[in-house]
Amino acid sequence: MKIAIVHGPNLRLLGRREPEIYGPASLTDVNAALASEAQALGVELEFFQSNHEGEILDFVEDASNRVDGFVVNPAGLTHTSVSLRDALLAVGRPFVEVHLSNTAAREPFRRRSYLADVAAGVVLGFGPQSYVLGLRGLVDQLRGANRD
Ligand code: DQA
């Protein structure tokens with residue numbers, strides 16, 4: 001099983017970007033935590049980060065031919081991008097939406113997500129652990145472990 005990890009705009013600045021909100025971990029640290037979880041789960045990962053919406057859409061389309069699902073931190077695109085929602089729906093692979101911060105407890109504009117209602121699940125507010133929990137949930141679901 002292979003999962004793509006998608007980091008949206010500005011996430012390459014993690015570690016020095018508003019550390020009081022996003023914490024001290026860098027994107028490399030986040031990816032290392034994911035790699036270690038992936039090893040424990042026995043799944044393969046592919047990582048992608050871009051500050052450009054179109055590049056993210058192209059990646060989702062291309063990667064959908066080789067991955068079983070996506071863990072996505074859409075960052076600011078969460079609150080704006082109909083196109084990212086459409087791309088994820090178009091490729092027909094399940095995805096989990098994750099956020100480092102608890103977006104529900106921040107500015108009102110961050111409470112709206114264009115992705116949440118079509119996601120397999122959403123994890124908010126646990127820092128880098130949000131990604132790890134999202135990966136675990138997605139793999140469980142793909143393996144059918146959540147079925148009644
Ligand atoms: C974020 C939350 C978004 O509102 C924000 O635009 C980000 C990061 C998070 O991980 O907490 O860039 O997705």
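Let's start at the ligand, which is surrounded by Arg17, Tyr22, Asn73, Ala75, Gly76, His79, His99, Leu100, Ser101, Thr103, Arg106 and Arg110; a residue is listed here if one of its heavy atoms lies within 4 Å of the molecule. Before going further, please keep in mind that this is a predicted model, in which local features need pLDDT of at least 70 and side-chain atom pairs count only at pLDDT 80 or more, while totals for chains, interfaces and linings use all residues. Residues are numbered from 1 along each chain as its sequence is written, and side-chain values use heavy atoms, with hydrogens and water left out.

Three of the distances around the ligand are worth a look. An oxygen atom of the ligand is 2.7 Å from an N or O atom in the side chain of His79. An oxygen of the ligand also sits 2.6 Å from a side-chain N or O atom of Ser101. At Leu100 the partner is a polar backbone atom, 2.8 Å from a ligand oxygen. These are polar contacts, meaning pairs of N or O atoms within 3.5 Å; within protein, one atom must be able to donate a hydrogen and the other to accept it, and residues adjacent in sequence count only if both atoms are side-chain atoms.

Ala75, one of the residues around the ligand, has a backbone feature to check in your viewer. Its phi is near 50 degrees, a positive value in a residue other than glycine. Ala75 belongs to the loop between strand 3 and helix 4 (82–91). Helices (H or I, at least four residues) and strands (E, at least two) are DSSP runs, numbered from the N terminus. Ala75 is buried, with a relative accessible area of 10%; buried means under 20%, exposed over 50% and partly exposed in between, using a 1.4 Å probe and protein chains only. Asn10 also has a positive phi, about 75 degrees, although it is not a glycine. This residue is in the loop between strand 1 and helix 1 (19–22), and Asn10 counts as partly exposed because its relative accessibility is 37%.

Now for the sheet. Five strands form an open sheet with parallel pairing, in the order 2-1-3-4-5. Strand 2 (44–49) and strand 5 (121–124) are the edges, each pairing on one side only. On average, neighbouring strands are turned by 20 degrees against each other, direction ignored. Two strands pair if DSSP finds at least two bridges between them. Strands of a sheet pair through backbone hydrogen bonds, either parallel or antiparallel.

Strand 1 (residues 2–7) is joined to strand 2 by six bridges and to strand 3 by five, again in the parallel sense. Ile3 has bridge partners in both: Leu45 in strand 2 and Gly69 in strand 3. Ile5, in turn, stands opposite Phe47 of strand 2. How many of the six residues in strand 1 are buried? Six of six are, with Lys2, Ala4 and Val6 on one side and Ile3, Ile5 and His7 on the other.

Helix 5 (residues 128–142) lies across strands 1, 2, 3 (69–73), 4 (95–99) and 5, running at about 160 degrees to strand 3. Axes are lines fitted to C-alpha atoms, for helices over the stretch in contact, and angles run from 0 to 180 degrees between N-to-C directions.

What holds the most contacts in the largest nonpolar core? Of its 23 residues, Ile3, Leu34, Leu45, Val71, Tyr131 and Leu135 touch the most other members. Strand 1, helix 2 (27–41), strand 4 and helix 5 each give two or more residues to this core. Such a core is a set of buried Ala, Val, Leu, Ile, Met, Phe, Trp, Tyr and Cys residues joined through side-chain atoms within 4.5 Å. A second, separate core of 18 residues includes Ile56, Phe59, Val72 and Phe95. Leu135 touches Ile3, Leu34, Glu37, Ala38, Leu41, Leu45 and Val71, not counting residues up to four places away in sequence; contact means heavy atoms within 4.5 Å.

Helix 2 also holds Asn31, which counts as buried at 18% relative accessibility. The side chains of Asn31 and His7 are joined by a polar contact of 2.8 Å. Ala40 lies in helix 2 too, but is exposed, with a relative accessible area of 67%.
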